[in-house]
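Student: I'm new to this one, so please pick out a single part and walk me through it closely. Start with whatever charged side chains are doing there, and spell out the terms as you go.

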Amino acid sequence: MMQLLLLIKQKEIMKFLKYLFIIIVPNILLAQKSWTLEECVNRALEMNISIKQSQLDYAGSEINKQGAIGSFLPNINIGSNHSWNIGLNQNITTGLLENVTTQFTSMNLNMNISVYGGLQNVKRLHRANLSILASQYQLEDMTENVALLVANSYLQILFSKESLSVQKLQLDITIKELKRIKELVDSGVVPKGDLYEIEANLASQEKNLVDAQNSYYLSKISLAQLLLIDDFENFEIANETYDIPISDVMSKTPEEIFSYAVNNKTEIKVFETNLEIAKKDLEISKALLKPSLSAFYSYSSRIGYSDRFVPTDEIVFTPIGVVEGSGERVLAPYTKMATANPQSFSKQFDLNAGQNFGFSLSIPILNNLSRRSNVNQTKINILRTENSLEQKKLDLENTVNQSFNDARGAYKAYIASLKLVDARELAFEYAQNKFQVGAMNSFDFTQAKQRYELAQSELIRTKYDYIFKLKVLEFYFGVPITVK
């Protein structure tokens, strides 16, 4: 008995360990890997909820097309009915009213097809195809926007990561300076006030390091949430160095970039397709004002389950009157009837069958002005869609011009930051040499060091600011999103 219990427990433990391996281990490996930009974009496109919604919209438009194709096919329906009649009814055998139960089965087939309806079916199929195209453009636009959002979040991590590295480096320099100053103070070479200044600078550096760590952690959380990854602590991007990219897009004019964007970007194509859909809606609403012709056909039969009267071979004579004068009876021959079982199902089905077919014409004359109002409403929708399209083009032109100026300004700021870092570095080295020989006090040295740190931070900021703004500009010129 004990061995059986131990065997059961071992099986339960193995099932639990298998569950841990299948469920938990993949998540741990997922978080511990170093994510490249391409991997981040691919996961976002796979997991993003907005993209999944757009995919469902696309699937729905495909279903709507199937419905539009189905409108060309006839409506065919088969029906059947079986009834029991219980109560006072005429007995077909005796002809008397009796409480009897009778049963009947009826079957029918109905078919109806539209012969002409103002070409509504054709126009609805065209509209369904346009809806599929609009959904496809919407999905592509959503995909591009998500990829750009991921690139922005990825660059933000790179920026925070480099800023954190600079703060760590500056803290190490300050710690070394503090150690050297203590030795100089102990030897009486420099006053103790210089030590206090360096210690204050160290505290400031430690605070800056904490702020940089928080910024780096928050940027990782932002991207991890975008990728639907729960383990923020172990989420890391690939440890790569990204330099200022070389791009031909800056050699283009804003007019050239806008011309490409307005003719190729899916966000414009979505509005253009919606305009075509609105025009097709107008054609459909006008078709409702035209006569419609349809053809119909029906086939039906009826089955009874009661006994029936059938003639026999026996002839009987029945008096029908008397001869005037002689009083002699007049007899007439009649075929004797007998009660028989109901005919077979198949025989009754053929004998009782009936068909009905023809055409139905409908000419709209007055429908509470609803159809005419629908036409006028679709005309207004076309004007609204045209205005939306024009506004979208104006917004796109403004965005392209703004993005071009932003990218050009960011590049100039980056070049200026490079020059500033070089100047501040020379100034810091000069101040450091003077401070080491006692020709500069600690306050002036700290100021020179802080200016150099600010210049380094500004260089990192302008670098990634330019990279992202360049990527935005490339996005409108159709360049694939990369940061290398």
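Tutor: Let's begin with a little network: Lys 123, Lys 280 and Glu 283 are linked by salt bridges. A salt bridge here is a side-chain nitrogen of Lys or Arg within 4 Å of a carboxyl oxygen of Asp or Glu. Before going on, bear in mind that this is a predicted model, where local features need pLDDT of at least 70 and side-chain atom pairs count only at pLDDT 80 or more, while totals for chains, interfaces and linings use all residues. Residues are numbered from 1 along each chain as its sequence is written, and side-chain values use heavy atoms, leaving out hydrogens and water.

Within that network, Glu 283 and Lys 123 come together at 3.6 Å, N to O. Glu 283 sits in helix H7 (residues 266–287) and Lys 123 in helix H4, so this pair ties together parts that are 160 residues apart in sequence. Helices (H or I, at least four residues) and strands (E, at least two) are DSSP runs, numbered from the N terminus. With a relative accessible area of 17%, Lys 123 is buried, whereas Glu 283, at 31%, is partly exposed. Buried means under 20%, exposed means over 50%, and partly exposed is in between (1.4 Å probe, protein chains only).

H4 and H7 have another link: Arg 127 and Asp 281 form a salt bridge at 2.4 Å, N to O. Arg 127 belongs to H4 and Asp 281 to H7, so the two join parts 154 residues apart in sequence. Arg 127 is partly exposed at 28%, and Asp 281 is partly exposed at 24%.

Now follow H4 to Glu 162, which pairs with Lys 463, their closest N and O atoms being 3.1 Å apart. Glu 162 is in H4 and Lys 463 in helix H10 (residues 442–476), so here the tie spans 301 residues of sequence. Glu 162 is partly exposed at 25%, but Lys 463 is buried at 11%. Across the whole structure, a search turns up twelve salt bridges.

H4 (residues 120–186) also packs against helix H3 (residues 49–70), at an angle of about 170° and with the axes 9 Å apart. Those axes are lines fitted to C-alpha atoms, for helices over the stretch in contact, and angles run from 0 to 180 degrees between N-to-C directions. H3 and H4 are therefore roughly antiparallel. Their contact brings in ten nonpolar, eleven polar and four charged residues. By class, Ala, Val, Leu, Ile, Met, Phe, Trp, Tyr, Cys and Pro count as nonpolar, Asp, Glu, Lys and Arg as charged, and the others, Gly among them, as polar. As for the angle classes, under 35 degrees is roughly parallel, over 145 roughly antiparallel, 65 to 115 roughly perpendicular, and the rest oblique.

One last stop is Leu 119, in the loop between strand S3 and H4. Leu 119 is partly exposed at 48%, and its phi is near 60°, a positive value in a residue other than glycine. Most residues other than glycine have a negative phi. Leu 228 also has a positive phi of about 60° without being a glycine; you'll find Leu 228 in the loop between helix H5 (192–226) and strand S4 (236–237).
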